[in-house]
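Trainee: I would like a close look at one part of this chain, and then at what surrounds it. Please start from a single residue and work outwards.

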Amino acid sequence: GAAGGGGGGFSSGSNSAADSGQPGPLSPPNWFIWAFRRYIRLLEDAPLRTKMITSGLLGAFSDIIAQNIERANGRGQDDIRWRRVAALAAVGALLTAPMFHVFYDFIDAALPGSVKGWRAWRNTVLQLAADQLVAAPVWLVTFYAMFSVFENGQVLTDQISAQIQRDFVPSMKLTWAVFPIFQLFSFVVLPTKLRVLV
């Protein structure tokens with residue numbers, strides 16, 4: 001492997017970054033390592049709560065970025081729609097994190113990746129199929145409903161139904177075009193506790 005090769009980016013000489021106590025050119029900064037270790041500890045101590053907070057924050061920050069992109073492209077409003085930001089944060093915390101926390105634990109127990117040989121690949125393919133063919137459609141329909149309730153403060157059945165009819169198929173096509181490669185990486189490489197974050 002590259003880590004054991006003689007021409008790698010990390011030198012074993014006395015002037016190396018490791019000897020000086022400083023991060024090397026390919027090393028993450030110390031604050032990142034500290035934050036990641038702290039996050040892992042929080043996942044171990046309070047997994048669901050940590051995932052809910054993380055998903056809520058990511059939902060909020062991603063929507064602020066999305067609204068700025070919309071505004072830059074002439075499609076958004078002049079001001080940030082904070083109610084929309086709050087709705088996406090709530091959906092992340094109350095739907096995405098709990099649903100996938102339970103789902104990933106379930107499919108890991110039912111289809112463990114720790115088996116060897118062809119069974120490991122079979123289980124990974126089955127996990128990916130369950131994620132994309134079962135969990136993703138259920139999440140998407142529930143997302144439309146919950147987001148509408150949080151943004152509007154009431155259940156608007158006609159609006160939710162119209163959005164599902166208009167957006168479900170295009171959204172699933174986009175999901176299937178983008179997510180399988182990331183989810184395959186997630187199922188093969190990542191420990192279960194990091195999948196909701198990713």
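In which helix is valine 102 found?

Mentor: Valine 102 is found in helix α4. A word on the source first: this is a predicted model, in which local features need pLDDT of at least 70 and side-chain atom pairs count only at pLDDT 80 or more, while totals for chains, interfaces and linings use all residues. Residues are numbered from 1 along each chain as its sequence is written, and side-chain values use heavy atoms, with hydrogens and water left out.

Helices here are DSSP runs of H or I with at least four residues, strands are runs of E with at least two, and both are numbered from the N terminus. The chain has 6 helices and 0 strands, so its order from the N terminus reads α-α-α-α-α-α.

Now back to valine 102, which counts as exposed because its relative accessibility is 53% (exposed means over 50% relative accessible area, buried under 20%, partly exposed in between, with a 1.4 Å probe and protein chains only). The C-alpha atom of valine 102 lies 9.1 Å from that of leucine 48, although the two are 54 residues apart along the chain. Over the whole chain of 198 residues, 32% count as buried.

Arginine 84 is another residue of α4. Unlike an exposed residue, arginine 84 counts as buried because its relative accessible area is 12%. Leaving aside neighbours within four places in sequence, its contacts (heavy atoms within 4.5 Å) are Asp63, Ala66, Gln67, Glu70, Phe147 and Glu151. Of these partners, Asp63 and Gln67 are among the buried residues of α3. What covers the buried residues of α3 includes α2 and α4. With 26 residues, α3 reaches 37 Å from its first C-alpha to its last, close to the 38 Å expected (the expected span is 1.5 Å times one less than the number of residues). After α3 comes glycine 74, with a positive phi near 75°.

α4 also takes part in covering another helix. The buried residues of α6 include Ile160, Met172 and Phe187, and what covers the buried residues of α6 includes α4 (82-110) and α5 (118-152). α6 (residues 157-189) has 33 residues, but its end C-alpha atoms are only 41 Å apart, short of the 48 Å that a straight helix would reach. In α6 there is a kink of about 45° at aspartate 167, shortly before proline 170 (the bend is the angle between axes fitted to the seven residues ending at a residue and the seven starting there). α5 has a kink as well, of about 35° at alanine 135, shortly before proline 137. Even so, the 35 residues of α5 reach 49 Å, close to the 51 Å expected.

Past the end of α6, arginine 195 lies in the segment after this helix. It counts as buried because its relative accessible area is 5%. Not counting residues up to four places away in sequence, arginine 195 touches Tyr104, Asp108, Gln127, Ser186, Phe187 and Leu190. Two of these, Ser186 and Phe187, are among the buried residues of α6.

Several of these helices meet again at the largest pocket, which holds about 1,400 Å³ of space. On a 1 Å grid over the protein atoms alone, a pocket is an open set of points where a 1.4 Å probe fits, with protein on both sides within 12 Å along at least five of seven lines, and lining residues have an atom within 4 Å of a point. Points are joined across faces, edges and corners, and the volume is the space filled by probe spheres set on them. The pocket is lined by 41 residues, of which Leu88, Thr96, Trp139, Phe143 and Phe179 lie nearest its centre. The elements giving two or more residues to this lining are α3 (47-72), α4, α5 and α6. α6 gives the most, with 12 residues. By type, the lining has 20 nonpolar, 13 polar and 8 charged residues (Ala, Val, Leu, Ile, Met, Phe, Trp, Tyr, Cys and Pro count as nonpolar, Asp, Glu, Lys and Arg as charged, and the others, Gly among them, as polar).
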